[in-house]
Amino acid sequence: MTARLHIDQTGTTDESRTGSGADAWDWLRDAACVGADPELFFPVGDSDPAAEQTERAKAVCHSCPVESRCLEWALDTGRTSGVWGGTDEEERRRLRRNERRRVPAPRGRQASGPGRARRPRTH
Ligand code: SF4
């Protein structure tokens, strides 16, 4: 894969996308962010320009045919920074929190209180 994706900024190398695990990355071939400026997806700070940058990145995601797959990947791999699958950091934090609340305690074990059921941590 020679296309430049902002995914490269997260430490995922081209090498990790080749070989036996290459199929796992097939969905990236259709990514709308191919060729986009990787910096767009990593706004810095809470300023108005950063918020505008976040919205521009999300707009790219919302036109992306693999948006839901990307979001799933971002949640599964614990992406804590940047815009992925049309969500920013805070939105993914909220999704993870809500998901933890929905996961029931394993049989034979009780959760230690409301909202304490956990899925394995990914990061
Ligand atoms: S959803 Fe956004 S970050 Fe994910 S592949 Fe598509 S454009 Fe890139």
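Two residues are in contact when they have heavy atoms within 4.5 Å of each other. On that footing, among the protein's contacts between residues at least 6 apart in sequence, 47% join residues at least 24 apart. The model behind these values is a predicted one, in which local features need pLDDT of at least 70 and side-chain atom pairs count only at pLDDT 80 or more, while totals for chains, interfaces and linings use all residues. Residues are numbered from 1 along each chain as its sequence is written, and side-chain values use heavy atoms, with hydrogens and water left out.

As for the overall build, the protein has three helices and zero strands, running α-α-α from the N terminus on. Helices here are DSSP runs of H or I with at least four residues, strands are runs of E with at least two, and numbering starts from the N terminus. Of the 123 residues, 34% count as buried, that is, under 20% relative accessible area (exposed is over 50%, partly exposed is in between; 1.4 Å probe, protein chains only). The accessible surface adds up to about 7900 Å², and 48% of that belongs to carbon and sulfur atoms.

Next comes Lys58, which sits in helix α1. Lys58 counts as buried because its relative accessible area is 7%. Setting aside neighbours within four places in sequence, Lys58 touches Val83, Gly86, Thr87, Asp88 and Glu91. With Glu91 there is also a side-chain polar contact of 3.1 Å; such a contact is a pair of N or O atoms within 3.5 Å, where, within protein, one must be able to donate a hydrogen and the other to accept it, and residues adjacent in sequence count only if both atoms are side-chain atoms.

Glu39 lies in the segment before α1 (48–62). Its relative accessibility is 47%, so Glu39 goes down as partly exposed. Glu39 and Gly82 are 43 residues apart in sequence, with 9.2 Å from C-alpha to C-alpha.

Gly82 turns up again in the lining of the largest pocket, as do Val83 and Asp88. A pocket is an open set of points on a 1 Å grid over the protein atoms alone, where a 1.4 Å probe fits, with protein on both sides within 12 Å along at least five of seven lines; lining residues have an atom within 4 Å of a point. α1 and α3 (89–102) are the elements that give two or more residues to this lining, and α1 gives the most, with three. The largest pocket holds about 190 Å³ of space.

Technical notes:
Points joined across faces, edges and corners; volume = space filled by probe spheres on them. Areas by Shrake-Rupley, 256 points an atom, 1.4 Å probe, with all protein chains shown as cover.
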